[in-house]
Amino acid sequence: MLKKLLVLFVAVLLTSSNLQAQYLPERGEWFHFSYSLLSFTNTPPELTQKWNSNGWQLMLMRESLFSRRSHWGIAYGFGFSSNFWHTNLNIQAVPNNPELQYTYLPSDSSYKSNRFSASYIDIPVEFRYRSKSNSRGQYFRFYFGGLVGFRMNSYAAFQSQDYSVKYYRINDLSKVHYGVFVRTGWWLFNLYAYYGLNTDFQSNSIVPKGLDKMHSLSLGLSISL
């Protein structure tokens, strides 16, 4: 009799645990890696953007659900991102002048690469929704939030058939970037989009007209673990 009661107790315990696991949302992820194609909005007519402008982003996040059985929560953490813009905007130093010179390369110019880059330490915050997971632990997610980041380093690089040159500390780029983003997908994989609310060049910098009006747009894929 005792043996039967013990078996019944274990069966009830396993059944209740299984029902609870099916009801509760899946535990949130803590790691996100995103790879995006970059572009500028509100660009001056002289600027030509290349298709291979790209960026990547790494986020480490901690999550708090609104309640134990809630499918909604909030996450916060820190991250690192780096952007590489390939355009016809050429940045170079001028002898006996501490300020960099900005020019647009003609459309018939022959060169291998012309880009400028910036890296940031980011502080993201996002609101999260996750559906109930299926029998394989897979679920739908929709996360939206914002971030603020501080520029750590930057450079401009030009490479032709004959020579290459690289300039560091492009201080005309904004020292702080901030914007909003969306990450949505199924299981490990997501679509990712980010829009920068700040302009990419400082408004008080000496740059060609219109560059201080541009905003960043990122569209790509993200993996969540």
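**Strand pairing, salt bridges and nonpolar cores in a predicted model**

In the pairing with strand 5, Asn90 has Thr103 as its bridge partner. The structure described here is a predicted model. Next to this pair, Leu89 stands opposite Tyr104, also of strand 5. Both pairs belong to the contact between strand 4, residues 89-94, and strand 5, residues 97-104, which run antiparallel to each other and are joined over six bridges. The hairpin formed by strand 4 and strand 5 has two residues between the strands, and Asn96 in this hairpin adopts a positive phi near 60°.

The protein as a whole contains one helix and eleven strands. The helix comes at the N-terminal end of the order of elements, which reads α-β-β-β-β-β-β-β-β-β-β-β. Of the 225 residues, 40% count as buried. Among contacts with a separation of 6 or more, 69% are between residues 24 or more positions apart. The exposed area of the protein is about 13,200 Å², and 62% of this area is supplied by carbon and sulfur atoms.

Leu89 also takes part in the nonpolar interior. The largest nonpolar core consists of 17 residues, and Leu89 is listed with Trp85, Ile91, Tyr102, Phe116 and Phe201 as having the most contacts inside this core. At least two core residues come from each of strand 1, strand 4 and strand 6. The greatest contribution is that of strand 6, with three residues. When neighbours within four places in sequence are set aside, the contacts of Leu89 are Leu47, Tyr102, Thr103, Tyr104, Asn114, Phe116, Phe201 and Leu211. A second core, separate from the one above, has seven residues, including Met61, Leu147, Phe181 and Tyr192. In soluble globular proteins, nonpolar side chains tend to be buried together.

Charged side chains were examined next. Five salt bridges are found in a search of the whole structure. One of them joins the side chains of Glu29 and Arg141, with an N to O distance of 3.1 Å. Glu29 is located in the loop between helix 1 (2-23) and strand 1 (31-41), whereas Arg141 is in strand 7 (residues 140-159), so this pair ties together parts of the protein that lie 112 residues apart in sequence. Both partners are buried: the relative accessible area is 5% for Glu29 and 0% for Arg141.

A further salt bridge is made by the side chains of Glu63 and Arg128, at 3.0 Å from N to O. Because Glu63 lies in strand 2 (residues 54-65) and Arg128 in strand 6 (residues 113-130), the pair ties together parts that are 65 residues apart in sequence. Glu63 is partly exposed, at a relative accessible area of 22%, while Arg128 is buried, at 1% relative accessibility. Arg128 forms a salt bridge with Glu126 as well, and here the closest N and O atoms are 2.7 Å apart. Glu126 is buried, with a relative accessible area of 0%. These three residues belong to a network of salt bridges that links Glu63, Glu126, Arg128, Arg130 and Arg183.

Asp212 provides a case of a buried charged residue without a salt bridge. Asp212 is placed in the loop between strand 10 (189-196) and strand 11 (215-224). The nearest side chain of opposite charge belongs to Lys213 and is 4.7 Å away. A salt bridge requires a side-chain nitrogen of Lys or Arg within 4 Å of a carboxyl oxygen of Asp or Glu, and none is found for Asp212. With residues up to four places away in sequence not counted, Asp212 touches Thr199, Phe201, Gln202, Ser203 and Val207. Phe201, one of these contacts, is also listed among the residues with the most contacts inside the largest nonpolar core and is in contact with Leu89.

Note on methods. Residues are numbered from 1 along each chain as its sequence is written. This is a predicted model: local features need pLDDT of at least 70, side-chain atom pairs count only at pLDDT 80 or more; totals for chains, interfaces and linings use all residues. Side-chain values use heavy atoms; hydrogens and water are left out. Two strands pair if DSSP finds at least two bridges between them. Helices (H or I, at least four residues) and strands (E, at least two) are DSSP runs, numbered from the N terminus. Buried means under 20% relative accessible area, exposed over 50%, partly exposed in between (1.4 Å probe, protein chains only). A nonpolar core is a set of buried Ala, Val, Leu, Ile, Met, Phe, Trp, Tyr and Cys residues joined through side-chain atoms within 4.5 Å. Contact means heavy atoms within 4.5 Å. Accessible areas come from the Shrake-Rupley method with a 1.4 Å probe; for residues, only the protein chains shown count as cover. Lys and Arg count as positive and Asp and Glu as negative; His and the chain ends are not counted.
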